[in-house]
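Visitor: I am new to this protein and would like a close look at a single part of it. Could you choose one, and tell me what lies on each of its sides?

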Amino acid sequence: MLHVSLRQLSYFVAAARHGSTLQAALALHVSQPSISHAIATLEAHWGEKLFHRIHAQGLELTTAGARRSALAQALLTQAEALDAPAGQGVSGSLCVAGLSTLAPMHLPALMRRFSQRFPQVELRLGEGDTETLLARLERGTLDLALLYDMGLQRAVALHEVGAQAPYVLMPVGHALAKRASVALRELADEPLVLIDLPHSRQYFLSLLAHAGVRPQVVMESGSLEMVRALVAHGHGISLLTTRPSRDVSYDGRRLVCKPLSGKVPPQRLVLAAAASVPLSPAAEAFVQVAREHLAAAG
C-alpha cells in the first residue's frame, strides 16, 4: 500500500525545483504551509531529512532528498502518462537547460521545434556552467542539460545528439589568418585568451598539452562574447568549440575562424539526464527532436 500521496510528492518536487516553499506555493497556487506540511510529513514517514534550511537563501536538497526527488519526479511523470486519455500523446512538463556558451546557439530553435510537435508539454528553460547543470541533474531539479561531453564522471546518463569541432579564433590580419587550417603546435608562441568555465577550460588546456604546447595565457573570461571581443581587438587568439553564425564580435569587429589540422576529435554534444531514473516520454521525445534539429543544422 502506498503511504504517500501524489499531491505530497508534487509539493516536495516543486520545493526542490524552486529551492523555496514560498516559490513552490506560488507556482502551484497553494498556501506555503501546505508545502511545508507535505515536506514535514514525508520526512517523518521516510525518516530522512530532505532539505537543508539555509537562512535567507531557501532550501537545499540533502543527499537523501536529491535521491527521493529524482524518484518522486519519475513517479509523477508516470502518473501523468497513466492519467492521460488514450491518444493524447506526449504531455507533462520538462525542464531543459544548456551550457551558457552553447544554449543560445541551439536551445531557442530546438524548443520551438519541439513545442510545435508536442504542444501539450510545458517547457521550462535554464542555463549555467557544466558543473552547475550536473549538480541540478543529480538533485532532480532539472530534466535535461545540453552539454559537451568532456569525460563527465558523474551520476548522469548521456544521450548523444550531435558533434562540433574545436577551432582557432583570431583577429583579422593575423599571420595565420590566410591558412586553410592551423596545427596546435603553431600556437606555442601565441598569447591565448582562455574561456574560463569549468570543464571547458581544462579541455582546451588538455588539447594544447597533448600537442606539447605550454600556452601563454594573457586573459581569461567565462563569457564567450567577451573572449570573442578580446580576440577581435588583438589581445590574443583563442580556442573554442561553439561558433556563432557570424564571425563578428559583440561590438561589430570581424573575426577569423580556422579549423585545427591533425587528428583532433570533435566534441560530442549530449543531452545529459539523471542516471537514477529513466527518461520520461517528454524527455525521450526531446532527445529525438534534438538529434533531428542538429543533424539538419549540420
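Guide: What follows begins with the whole protein and then turns to helix H7, the strands that cover its buried residues, and two further positions.

This is a predicted model, in which local features need pLDDT of at least 70 and side-chain atom pairs count only at pLDDT 80 or more, while totals for chains, interfaces and linings use all residues. Residues are numbered from 1 along each chain as its sequence is written, and side-chain values use heavy atoms, with hydrogens and water left out.

The protein has nine helices and twelve strands; these are DSSP runs numbered from the N terminus, helices being H or I over at least four residues and strands being E over at least two. Along its principal axes, the C-alpha trace spans about 70 × 45 × 35 Å. Of the 298 residues, 48% are buried, where buried means under 20% relative accessible area, exposed means over 50%, and partly exposed is in between, using a 1.4 Å probe and protein chains only. If one takes the contacts (heavy atoms within 4.5 Å) between residues at least 6 apart in sequence, 71% of them join residues at least 24 apart.

Helix H7 covers residues 200–210, and in it Ser200, Tyr203, Phe204, Leu207 and Leu208 are buried. These residues lie on the same side of H7, because they cover an arc of only 130° around the axis, the arc being that of the directions from the helix axis to the C-beta atoms. As a general point, an α-helix has 3.6 residues a turn, so residues three or four places apart point the same way. The face of H7 turned away from the buried side carries the exposed residues Ala209 and His210. Just after the helix, Gly212 takes a positive phi of about 80°.

The cover over the buried residues of H7 includes four strands, namely E3 (92–99), E8 (191–195), E10 (238–240) and E12 (267–274). Of these strands, E10 leads on to a further one, since E7 and E10 pair in the antiparallel sense over three bridges, two strands being said to pair if DSSP finds at least two bridges between them. In that pairing, Val168 stands opposite Leu239 of E10. Strand E7 (residues 167–171) has five of its five residues buried: Tyr167, Leu169 and Pro171 point one way, whereas Val168 and Met170 point the other. E7 also pairs with strand E11 (residues 255–259), again in the antiparallel sense, over five bridges, and there Tyr167 has Pro259 as its bridge partner.

Strand E3, another part of the cover over H7, spans residues 92–99, and Cys95 is among the residues in contact with Thr141, once neighbours within four places in sequence are left aside. Thr141 sits in the loop between helix H6 (130–139) and strand E5 (144–148), and is buried with a relative accessible area of 2%. Its other contacts, under that condition, are Ala16, Arg17, Leu61 and Arg136.

Lastly, Ala285 lies in helix H9 (residues 281–297) and is buried with a relative accessible area of 11%. Leaving aside neighbours within four places, Ala285 is in contact with Phe114 and Phe118, while its C-alpha atom is separated by 20 Å from that of Tyr148, 137 residues apart along the chain.
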